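User: Hello! I am new to this structure and would like to learn how to read it. Could you walk me through some features, one by one?

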Amino acid sequence: MAKVLILGAGGVGSVAAHKCAQAPEIFSEIVLASRTVSKCVAIADSIRQRTGRTIETAQVDADNVAEMVQLINAVKPDLVVNLALPYQDLPVMDACLETGVNYLDTANYEPPDTARFEYKWQWEYQDRFREKGLMALLGSGFDPGVTNVFAAHAVKHHFDEIHVLDIIDCNAGDHGYPFATNFNPEINIREVTARGRYWERGEWVETDPLSWSMQYDFPEGIGRKKCFLMYHEELESLVRNLPGIRRARFWMTFSDNYLNHLKVLENVGMTRIDPVRYNGQDIVPLQFLKELLPDPASLGPRTKGKTCIGNVMHGVKDGKEKSLYVYNVCDHEECYREVGSQAISYTTGVPAMIGAMMMVTGKWQGSGVFNMEQLDPDPFMEELNKRGLPWKEVILKG
Ligand code: NDP
C-alpha cells in the first residue's frame, strides 16, 4: 500500500492517475498536483465517476524547488511520479533529494533554450541519489520506457548479443484535424525538427532532420507505412547497456499531411525556440504556436485507429543468428473508452503507472539513477499484459 504524488495534469498525468486509481491494492492514496489546479480537479472528477475513488489535488509550480519541497513534505508520498514537462526534471529531482523521496519520470531533462535530449544532466545525479539510498527511475513511458524493457527482455530471454536494434514507432491514428500533435506540441515539434542521429559501430552518425526514410509493414491490419529516422533519447542509454550493440536507430511514421504543415511552419519561422521581439514583448514562436494548436488532451474523443510501437532486433544466440520483433498495438478508441484519453497519452501513462508499481512494491529497487533496461524486465512485461498494453513477439529468424 503506497501513497503516490503525480505531477502534471496533462494527457499523460491523467492516464497515470486513472490507472493508479484502478489499482487500490497498490496505490492506496493518490495526490495529483499541477500548475493549473482546475485540470487536476477535472481529472479527479473523471476518476471518481469511473472508479468511485477520490484522489487529492494540489497546485504547484514544479520549477520552484522550495514549493516542491513544501508540497512533498505536506503530502509525504512514497514516490514522486513526474509527468509535467522535461524542463521540470531537475528541480523535481532536487526536491526529492532534499525530502528523501524516490523519483520517476517519462522524459529526459531538456534546457528550455536548446533541444538537446541528453541524459547527461540526470546521470550527474547518480552519486547524490546513491548516497541518500534513493532511487530515480528515468524514462518510464513507452519510448523511452517499454522499448528499453523490450530490449532487456530480448537480452534476458533471446540473445547473447544484440547487434542491430531498430525501434519503430507507428501512429496510424487519425484525429481529423489538418495539423495537431499527439503530445505536448512544443516538446513534439522540438523533437521532430531536430537533426537525426543513430549509433553505428561505436559512434553517433548525424542526418538532416527527417532526411532518411523506409517503408515498414506493420502487423494487425495497419499495413505499410513510411517511417523516418529520428534521434530518440532511449538510444543514448541503450547503446551503453546492450551487450554487443553495433547499430541502433529510431524510426517514426508521419503522414504527408503532417510533414507538409511542419515544413511550412518551419520555413516561416514558427518552430523557432529563440525569443523574437514583437510589440515590445519577447515571444518564442514555438510557444505561441502551441497556443494555436489543438490541445493534445482534446484529441481523445476524435482519434480513430491504432498505434504500433516495437523493437526489431538482430543478434546471436548460441553462435547462431537470430532476429526478433517485440511490439504492442494499441487502439485509440479503446483507450478513450477506458480512461478518456487517446493512445499516445495511454501508451505513456500506463508504463508510468507500472514503473511506479515496480518501485513501490520493491520489485525494482536500488540506490542511484536507473534507466529502464538496467532492471529485471520480467515483472514489468507481465504487468503490461495485465494493465492494457499486451505485447507480442515474433521470431523473424533463428
Ligand atoms: P501536457 O502538455 O499535456 O501536460 C503537461 C502538464 O504539466 C500540464 O498539465 C502542465 O500544466 C504541467 N506543467 C507544466 N509546467 C509545469 C510546472 N512548472 N509546474 C507544474 N506543472 C507543470 O504533456 P503530456 O501529458 O503530453 O506529456 C507529459 C510528459 O510526458 C512530457 O514530459 C512528455 O515529454 C512526456 N512523454 C513521454 C513519452 C514517452 O513515451 N516516454 C511520450 C509522450 C510524452 P498546465 O496545464 O498549467 O500547462
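Analyst: Gladly. Keep in mind that this is a predicted model. Let's start with contacts: leaving aside neighbours within four places in sequence, Asp-143 is in contact with Asp-169, His-232, Glu-234, Phe-250 and Ile-309.

User: Where does Asp-143 lie in the chain?

Analyst: Look at the loop that runs between β6 (135-138) and α7 (146-157); Asp-143 lies there.

User: How do I read its charge? How far away is the nearest side chain of opposite charge?

Analyst: For a salt bridge, a side-chain nitrogen of Lys or Arg has to be within 4 Å of a carboxyl oxygen of Asp or Glu. Asp-143 is buried but has no salt bridge, and the nearest side chain of opposite charge, Arg-249, is 15 Å away.

User: Glu-234 was among those contacts. Is the helix α9 enclosed or exposed, and why?

Analyst: To judge a helix, count its buried residues, meaning those under 20% relative accessible area. In α9 (residues 234-241), 6 of the 8 residues are buried, so the helix is largely enclosed by the rest of the structure. The buried ones are Glu-234, Leu-235, Glu-236, Ser-237, Leu-238 and Val-239.

User: And how many residues of helix α1 are buried?

Analyst: In α1 (residues 11-21) the count is 10 of the 11, so this helix too is largely enclosed by the rest of the structure. Among the buried residues are His-18, Lys-19 and Cys-20. The cover over them includes β1 (2-7), β2 (27-34), α2 (37-51), α12 and α13 (343-360).

User: What about contacts between residues far apart along the chain? What does Thr-99 touch?

Analyst: Thr-99 is part of helix α4 (residues 89-99). Not counting residues up to four places away in sequence, Thr-99 touches Val-69, Ile-72 and Asn-73. Val-69 is 30 residues from Thr-99 along the chain, yet their C-alpha atoms are separated by 6.5 Å.

User: How is empty space found, and how much lies in the second largest pocket?

Analyst: Rolling a probe the size of a water molecule over the atoms shows where empty space is left. Here, the second largest pocket holds about 220 Å³ of space. It is lined by 15 residues, and the closest to its centre are Val-329, Cys-330, Asp-331, Glu-334 and Pro-390.

User: Which elements supply that lining?

Analyst: At least two residues each come from β16 (320-331), α12 (332-339) and β18 (391-397). The largest share, 5 residues, is from β16.

User: Finally, which residues does the domain annotation cover?

Analyst: The unreviewed UniProt entry annotates residues 141-389 as "domain: Saccharopine dehydrogenase-like C-terminal". Over that range the chain is 34% helix and 31% strand, with the end C-alpha atoms 12 Å apart.

Notes:
Residues numbered from 1 in each chain as written. Predicted model: local features only at pLDDT ≥ 70, side-chain atom pairs only at ≥ 80, totals over all residues. Heavy atoms only, no water. Helix = DSSP H or I, 4+ residues; strand = E, 2+ residues; numbered from the N terminus. Buried < 20%, exposed > 50% of the residue type's maximum accessible area, 1.4 Å probe, protein only. Lys, Arg positive; Asp, Glu negative; His and termini not counted. Contact = heavy atoms within 4.5 Å. UniProt positions renumbered as here; feature names shortened; annotations may be inferred. 1 Å grid on protein atoms, 1.4 Å probe; cavity = no way out; pocket = protein on both sides within 12 Å on 5 of 7 lines; lining within 4 Å. Points joined across faces, edges and corners; volume = space filled by probe spheres on them.
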